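Trainee: I have a model open and would like to learn how to read it. Could you take me through it step by step?

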Amino acid sequence: MASLWLIMTVSAVIYFFWLNRKIAEAAQAHAKNQAEKLQVQLLDVACKKQRLGLLRTGKPGLKSIFIFDFSSDGQSRYQAELTMEDIKLVDVLVPPHKI
C-alpha cells in the first residue's frame, strides 16, 4: 500500500512540473504576442504568483500571474501583467508608456 502512495505522489509531482513548464511556455508566447501588438521590445518574462484553484470553467487548475518587462524607447523599462488560467490568457494589464 505504501508503494502505491509513493507512485501516486511521484506521478503528481511530475505532472505538476510538466504543467508548470507548459504554462510558462504559453506565458512566454502570450507576452511575445503582446509586445508585437504594442510594437515594443520584450525584455523578460517571470512568474509572479501561481496557485491551485477553480477556473472560470468550474474545473480545478492553476491560476498564474506573469510579469513581462518591455521597453518602448530602448531606455525605459515597464512591467505589464498577464493573468492566466492554465494555458489560457484571461487578462493583460499594460501600464502607460512612451510611444
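Mentor: We will go from the overall fold to the strands, and then to single residues. Keep in mind that this is a predicted model.

Trainee: Happy to start with the fold. Which elements does the chain have, and in what order do they run from the N terminus?

Mentor: A good habit is to list the elements before looking at any side chain. Here there is one helix along with four strands, and the order is α-β-β-β-β.

Trainee: How do I read the overall dimensions? What is the radius of gyration of the chain?

Mentor: Set the value beside what a compact globule would give. For 99 residues that reference is near 13 Å, whereas this chain has 17 Å. The box tells a related story: along the principal axes, the C-alpha atoms fill roughly 60 × 25 × 15 Å. Buried residues account for 27% of the chain.

Trainee: And the surface? What share of it belongs to carbon and sulfur atoms?

Mentor: Of an accessible surface of about 7,000 Å², 60% belongs to those atoms. For charge, count the side chains and then compare where the two sets sit. The chain carries 13 positive and 9 negative side chains, with the centres of the sets 5 Å apart.

Trainee: Now the strands. In which sense do β1 and β2 run, and how many bridges join them?

Mentor: Take each pair in turn and note direction, bridges and turn. β1 (residues 41–54) runs antiparallel to β2, and twelve bridges join the two. One of the partnerships to look up is leucine 42 with phenylalanine 70 in β2. The two strands make a hairpin with five residues between them, and in its turn glycine 58 has a positive phi of about 95°.

Trainee: What comes next along the chain, between β2 and β3?

Mentor: Antiparallel pairing again, this time over eight bridges, with β2 spanning residues 60–71. Aspartate 69 has glutamine 79 of β3 as its bridge partner. Six residues separate the strands of this hairpin, and glycine 74 in the turn shows a positive phi of about 85°.

Trainee: Which residue takes a positive phi in the hairpin of β3 and β4?

Mentor: There, aspartate 86 does, with a value near 55°, and two residues lie between the strands. β3 and β4 (residues 88–93) pair in the antiparallel sense over five bridges. Within that pairing, glutamate 81 is bridged to leucine 93 of β4.

Trainee: Is β3 mostly covered or mostly open?

Mentor: In a regular strand, side chains alternate between the two faces of the sheet. As for β3 (residues 78–85), six of its eight residues are buried, so the strand is mostly covered.

Trainee: Let me try single residues. Why does glutamine 34 count as buried?

Mentor: Compare its relative accessibility with the cut-off for buried, which is under 20%. Glutamine 34 has 12%, so it counts as buried. This residue sits in helix α1 (residues 2–38). Beyond its neighbours within four places in sequence, glutamine 34 is in contact with Phe68, Leu82, Leu89 and Val92.

Trainee: And lysine 88, buried or exposed?

Mentor: Exposed needs over 50%; lysine 88 reaches 58%, so it counts as exposed. Its place is in strand β4.

Trainee: How far is lysine 88 from isoleucine 23, in sequence and in space?

Mentor: They are 65 residues apart in sequence, yet 8.6 Å apart from C-alpha to C-alpha. For the chain as a whole, among contacts between residues at least 6 apart in sequence, 41% join residues at least 24 apart.

Note on methods:
Residues are numbered from 1 along each chain as its sequence is written. This is a predicted model: local features need pLDDT of at least 70, side-chain atom pairs count only at pLDDT 80 or more; totals for chains, interfaces and linings use all residues. Side-chain values use heavy atoms; hydrogens and water are left out. The radius of gyration is taken over C-alpha atoms; the globule rule is 2.2 Å times the number of residues to the power 0.38. Buried means under 20% relative accessible area, exposed over 50%, partly exposed in between (1.4 Å probe, protein chains only). Contact means heavy atoms within 4.5 Å. Accessible areas come from the Shrake-Rupley method with a 1.4 Å probe; for residues, only the protein chains shown count as cover. Lys and Arg count as positive and Asp and Glu as negative; His and the chain ends are not counted. The place of a charge is taken as NZ of Lys, CZ of Arg, CG of Asp or CD of Glu. Two strands pair if DSSP finds at least two bridges between them.
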